[in-house]
Amino acid sequence: MIAKIGKAGANTRGVLNYLYGPGRANEHTDPHLVASWDGFAPDPGRDETATLARLASALDLRVKQAGDRAPEKHVWHCSVRAAPEDRTLSDDEWATIARRVLNATGIAPAGDPDACRWVAVRHAEDHIHIVATKVRGDLTKPRNWNDYLRAHKELAAIEKEYGLRQVTLGDRTAAKKPTRAEQEKARRTGTATTPRERLRATVRTAVAAATSTEEFFTILRSTKVLVDIQHFPSGDIRGYKVALPGDTNAQGEPVWFSGSTLGPDLSYPKISERLAPTETASTDRHPGRRRTAWQQVTAAADRIPDLLTETDDPAGQAHITVLAETLDVLPLIAPAAYKPQLAQAAATFERASRSRIRARHQQARATRRAIKAIVREPAPKDGALLAILLDAVLLAVVAAQHWHHTRHHDQQAEAARQTAEHLHAVYQAATSQPLTAIHQRGLRLALPVQQRQAVLVSQALPDLAEQILAEPGWPALAATLTNTTAAGHDPAALLTQAARHRELDTAGSLSEVLVWRLHRIADLNPQPATGAARRSAPPRVTKPATSADRPRRTR
């Protein structure tokens, strides 16, 4: 169940007119009271002699008695909606729910004879509206501080008791959703998403790609987004706002969105904090030689699950934030066929990127630098690097889901779960071609080599060997083990490390999972072409589109 408490109003009759009226699209049916403060309030929906004027007058009685002591905005309005898959509740059940919400929020405590006057109106099967006037019988104001969280806490208990869908709870760190007017405007103009959503995605991608605040604004302008930078009298930047070309109001002026209205982490101070330069020691697992940005980002993503279990919460939140930045840039560097699904994964993980825990961003500087380098480095022609990166990112997202779940960040955990589903679909498609090439190399291995690798697997992973050797993906794993040996590694040790690095019992194909893990651990990624030039210009961001105790593998 979802409770939506609107801003306090001053027109009781106006609210009742809407509730008993036809609705914006004639969606209101059979409007009537299911409960009221004393059980005897006039009901214009069921009593022919009752009128909206009488009902409004009864609700406003104490407001008039209080006179100047009454709050100017005295109307409290809360809608309570059941999930689409929930059963239809009776009027009596809705009446009980209304009383419990009013009690929990402090508007009408149970058994209080001086509680505020209120009514609960039902004009649809799936929801009710509760309207109260915020003057008590003793002509004081109710103590309804933090009513939103109190209402949702009570509704969570109601969901369990009534056997309804249990909705994940928020912590007020979510980005603001598009308004009804924005959604209707998008429908009229034939666009799949609202300007707010498109600008949010564009700004997030620009932040992930930029190396400084100056470059951030340069990248934004390169996408043809309108940018307006505000300054203090001193000349320092105070903030910014963005708009889409052609998105205007009734006066023909651009519809501007400040960064903070697009997302709590997209205000200029927040962006400036993330882009602040600092010296950070390298965390490269293979010092002494140049590694591509792809390899560095892959290695960084591969470390995130361990870092989330080993570091404190501010550092953990920083690593999840930088994981979100990794997802934001993936659509820029991936083949066109994968861009829509990767963009959806990034948009979904946006909700998982923040919590009440303040990120200590300096903990993730090295990873952030690698992310910014990856959009400036020529993309490799070998699809194996993308497959390996996706495998590492997918594991990191599953670890982020576990991290949020253990801290009761319900909405963030659910967003991470949904992100993993999007990534898994891309992963399956992206790994097909490079895995086929590795598989073919495995089929060409001499029989003694294949037998030697089979013995190695049986010795290193005795509990999993029978399943691995029977899988269609075994030749690819045999070829990878051969390459590992040729690179000077101990294949048995690496195989054991790969198997215990994360749980494998949810993997669809153990051999295929181990192929990509061995590539990561042994650093078998192909090197970029000699002399490949880096682009010195700012990266190009696509224009706003219209369109357990340990983390477990979701394969």
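In this predicted model, the count of salt bridges comes to 27. Side chains of opposite charge can pair when their charged atoms come close. One example joins Asp30 and Arg46, whose side chains meet with a distance of 2.7 Å from N to O. This pair ties together distant parts of the chain, with the two positions 16 residues apart in numbering. Asp30 sits in the loop between α1 (12-20) and β2 (32-36), while Arg46 belongs to the loop between β2 and α2 (52-59).

Strand β2, which lies between those two loops, also leads to the next feature, an open sheet of five strands. Reading across this sheet, the order is β1-β3-β5-β4-β2, and the pairing is antiparallel. The edge positions are taken by β1 (2-5) and β2; each has a single partner strand, so one side of each is left without a neighbour in the sheet. From one strand to the next, the twist averages 25 degrees. Within the sheet, β4 (residues 118-124) and β5 (residues 127-133) are joined in the antiparallel sense over five bridges. A handy place to look for this pairing is Trp118, which stands opposite Ala132 in β5. Helix α5 (residues 147-162) packs on the sheet, where it touches β1 and β3 (75-81). The direction of α5 makes about 160 degrees with that of β1.

Further along the chain comes an open sheet of three strands, again with antiparallel pairing, in the order β6-β7-β8. Here the edge strands are β6 (226-231) and β8 (257-258), each of which pairs on one side only. Strands of a sheet pair through backbone hydrogen bonds, either parallel or antiparallel. Between β7 (residues 237-243) and β8, the antiparallel pairing extends over two bridges, and Lys241 is found opposite Ser258 in β8. Helix α7 (residues 195-209) packs on this sheet through contacts with β7 and β8, and its direction makes about 125 degrees with that of β7. Helix α8 (residues 213-222) lies across β6 and β7, running at about 150 degrees to β6.

Attention now turns from sheets to open space. Rolling a probe the size of a water molecule over the atoms shows where empty space is left. The second largest pocket holds about 300 Å³ of space and is lined by 16 residues. Nearest its centre lie Asp265, Lys270, Arg354, Ile357 and Ala359. Sorted by class, the lining of this pocket has seven charged, six polar and three nonpolar residues. Helices α10 (268-275) and α12 (313-333) each supply at least two residues of the lining. The largest share, three residues, comes from α10.

Technical notes:
Residues numbered from 1 in each chain as written. Predicted model: local features only at pLDDT ≥ 70, side-chain atom pairs only at ≥ 80, totals over all residues. Heavy atoms only, no water. Pairing = 2+ DSSP bridges. Helix = DSSP H or I, 4+ residues; strand = E, 2+ residues; numbered from the N terminus. Contact = heavy atoms within 4.5 Å. Axes fitted to C-alpha atoms, helices over the stretch in contact; angles between N-to-C directions. 1 Å grid on protein atoms, 1.4 Å probe; cavity = no way out; pocket = protein on both sides within 12 Å on 5 of 7 lines; lining within 4 Å. Points joined across faces, edges and corners; volume = space filled by probe spheres on them. Nonpolar A, V, L, I, M, F, W, Y, C, P; charged D, E, K, R; others polar. Salt bridge = Lys/Arg side-chain N within 4 Å of Asp/Glu carboxyl O.
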